[in-house]
Amino acid sequence: MTLTSSSMELPKNKPAKTAQKVPAPKAIDFKKEYKEFYLPKSIPSIIEVPQMNYLAVRGQGDPNTESGEYKQSIGLLYAIAFTIKMSKKGDHKIDGYFDYVVPPLEGFWWQNNTKGFDYSRKDDMEFISIIRLPDFVTKDDFDWAIAEATKKKKQNFSRVEFLNYNEGLCVQCMHIGSYDDEPATVKLMHDYIAKNGYTLDIQNPHYHHEIYLSDPRRCNVDRLKTVIKHPIKKSR
């Protein structure tokens, strides 16, 4: 047998396989997982909103006042919301925890001794600012987050509450545009329920409810997206 140079070549080494990174689980986005609550159409619809847990801060006054209670409430809520979200990196382990996007800011609004809602009387507005909590967050986890944020931020978070709330039957609609133009969308909602055999049920503890999907600091006012919900009941 005649050996040739080609027959004597050593086998080439195969390239080593590189370890593939396992992608991290995708963070749950409540807006996408629960579109029926966060992304309604711009025409009214009726929905049953189940019981949920929220971070909540109560206050009063014009929400546009720079140093007012409303803007203070937002800072308090997000500090606790992100303390809970980032607990995965610390020693406090929450049973059932999964990574998630902090849900959008929401608000319950009303005016004492007023039927309906008068948008021109902003100084008389009462509110509860809220951020939804994942179901795995317990009252004990909330208490831990308050203590942890207080210690790290040297700030008083005693105004933040753990709120369990059952909103129930509502009419809802996506409002696009300025907050001051909401009355036109509200009228559509009220006309819709009247035609379908329902009436408003806005009375303590049921309120005018807004979910803010846009950041007014980064969005043109005519493109602001706000979900509006009003509690309703069957007409007699």
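Before we look at any pocket, one convention: Ala, Val, Leu, Ile, Met, Phe, Trp, Tyr, Cys and Pro count as nonpolar, Asp, Glu, Lys and Arg as charged, and the others, Gly among them, as polar. Keep in mind, too, that this is a predicted model, where local features need pLDDT of at least 70, side-chain atom pairs count only at pLDDT 80 or more, and totals for chains, interfaces and linings use all residues. Residues are numbered from 1 along each chain as its sequence is written, and side-chain values use heavy atoms, with hydrogens and water left out.

Let's start with the largest pocket. By pocket I mean an open set of points on a 1 Å grid over the protein atoms alone, where a 1.4 Å probe fits, with protein on both sides within 12 Å along at least five of seven lines; lining residues have an atom within 4 Å of a point. Its volume is about 880 Å³, that is, the space filled by probe spheres set on the points, with grid points joined across faces, edges and corners. Thirty residues line this pocket, and Y70, I74, L105, Y179 and P216 lie nearest its centre. By class, 19 of the lining residues are nonpolar, two polar and nine charged. Which element gives the most to this lining? That is α3, with five residues. Helices here are DSSP runs of H or I, at least four residues, and strands are runs of E, at least two, numbered from the N terminus.

The second largest pocket has a volume of about 410 Å³. Of its 18 lining residues, T114, K115, G116, F117 and I202 are the closest to the centre. Here the lining divides into eight nonpolar, nine polar and one charged.

β4 and α5 each give two or more residues to that second lining, which brings me to α5 itself. This helix covers residues 182-195. Its buried residues (under 20% relative accessible area, 1.4 Å probe, protein chains only; exposed is over 50%, partly exposed in between) are E182, T185, V186, M189 and I193. Seen down the axis of α5, they fall within an arc of 100°, taken from the directions from the helix axis to the C-beta atoms, so they line one face of the helix. On the other side, A184, K187, A194 and K195 are exposed.

Last, some backbone details. A cis peptide bond joins N204 and P205, with omega about 10°, and P205 is found in the loop between β7 and β8. N113 has a positive phi of about 55° although it is not a glycine.

Terms used:
Expected span 1.5 Å × (residues − 1).
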